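Trainee: Could you take me through one part of this model up close? I'd like to look at a sheet and the loops that go with it.

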Amino acid sequence: MKITIFLLAVILSLSLLPNSTIAKTRTGDYSLFIPDSKELYKQSMRVLVAGIEHNLTFHKPSDNITVIMYSNGYFSGGIKNESTYYRWRYLNGDFDDLKYGKYINKSSSAVFGDKIAFHIGIYSRAEGTGKGENGTWHLKVKSGENTIIEDNILVENVNASLGLSTPVFEFRVEPSFGGIVGPTVKDYKFRTVNTGNVPLLLTASYDKMGNIFETTNMGIVLKPEDEVYHHINITARPWSPQIFSVTGHIKGTPLHVMNTEGMTFISSPVGQVHISVKVVRQGFDIIDIGPAKLQYEQGPQVAEYNEVRTLRCFLNGNGSARLMISPSELLIKGVYYNGMWHNETTGYSPINLNFSLEKNIEKEVRITVKCYKEKVSARLTYRIEEGNKSGSAHTDIVVGEAPAIITKDEGEGFWISPVGIAIAIGFFALIAEFITLITLKDRRSRESENDKNNDRYRPEHKRKKRKKK
């Protein structure tokens, strides 16, 4: 008798527990996902993002279907409001939100074949979405009076988040060139990742000259946890030498937001891509201070010891400009500007040149330098000034090793390498030994010939007989 009473007490206590405690998960009975996305799982439960439309699809056993969702907090207070309780129904071809009349997308909800799809959502700040709150809710689907699906789901706050790699793209364009140009680094690209829980529509905009940029994989839907790579190309115009910067704004617009609240509760994440466009000759770089631009030869270059080399620069802009040229480990032999050569230079000191620049007119400067030091990284530095604006850059020249024996001109003295001395001494010793050997051989040959002509060394039958007097 006591055992029977105990079992009845246990059964009664279980019947009083919230349904979520004894609910059986039927994972194969339904699907729950945001359109243009996939089912999300956390803590072994399906995820429902508050404030976002979801597709709830399952087998349709009748024309009288009821869907109920409620939070754990509903059990304690029994209050039915937008934070705790929802009820939807399909009856004879019509879909309805029985409680609030607005948390359903009737135009998207549909019956297809033997399945039915409810497009529903809940309040963006429903119970479980706050920090530290329990987001476990209970889902129940009934056909008439029979429960056909019963499961726990995890309700969480909406998170629209876009991860973006942020490289700096550089484009180099020949002056006066028009056409499609890719970045300086071939196949350069950036990556976007949906790090949130809602699908995002990707778009790109630029703070200026937006019509020249083409960004791949835009206008697509990026699902949660998905990633995609993007390339950028530009359509160049016939620009004059210059540098300009552009910022690209990559935006992820959250999709399927429920239009049930009088305010926007979710913002669109935006990332930036930085772009630099250099309009400059091939093999040159450029200083752009606004009113004046200077194109100069890129380095590092390689030169032989004592080599004389000419470096070129090109100025353009509008207004007066000053160009300072400074050598390091180099000797300036002459400078060409304003159509003529100027050789009155000390060689080692900086040179200052003044220019009056006119729009669309380019001025050329040539600097002839001598690489007078061996095994150094020489440098020619340029500084351009206009008003209170200035900029500087340089061209490096890697100078090779001097020959074994060299003579420095311009009164700088005579210098012989120790290795060269040893080689020279050895060479002259070989020559002396060779001459000695030749001389000895020649002497011996002559002596041998003389001996042959001497009767004392002839055989007796070949000696000349002397006549008797």
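**Loops and a small set of strands**

Mentor: Let's start in a loop: Lys375 counts as exposed, because its relative accessibility is 57% and the cut-off for exposed is over 50%. Keep in mind that this is a predicted model. Lys375 sits in the loop between strand S31 (363-370) and strand S32 (377-386). Its backbone is worth a look too: phi of Lys375 is near 50 degrees, a positive value in a residue that isn't glycine.

Glu225 gives you another case like that. Its phi is positive, about 75 degrees, and Glu225 is not a glycine either. With 59% relative accessibility, Glu225 counts as exposed. You'll find Glu225 in the loop between strand S18 (221-222) and S19, and S19 takes us to the sheet.

That sheet is open and has three strands, in the order S12-S15-S19, with antiparallel pairing. Strand S12 (162-164) and strand S19 (227-230) are at the edges; each has a single partner strand, so one side of each has no neighbour in the sheet. From one strand to the next, the twist averages 20 degrees. As a reminder, strands of a sheet pair through backbone hydrogen bonds, either parallel or antiparallel. Here, S12 and strand S15 (residues 190-194) run antiparallel and are joined by three bridges. To find your place in that pair, look for Leu164, which stands opposite Thr192 in S15.

One last loop for your backbone tour: Pro300 lies between strand S24 (292-297) and strand S25 (301-303). The peptide bond joining Gly299 and Pro300 is cis, with omega about 0 degrees.

Key:
Residues numbered from 1 in each chain as written. Predicted model: local features only at pLDDT ≥ 70, side-chain atom pairs only at ≥ 80, totals over all residues. Heavy atoms only, no water. Pairing = 2+ DSSP bridges. Helix = DSSP H or I, 4+ residues; strand = E, 2+ residues; numbered from the N terminus. Axes fitted to C-alpha atoms, helices over the stretch in contact; angles between N-to-C directions. Buried < 20%, exposed > 50% of the residue type's maximum accessible area, 1.4 Å probe, protein only.
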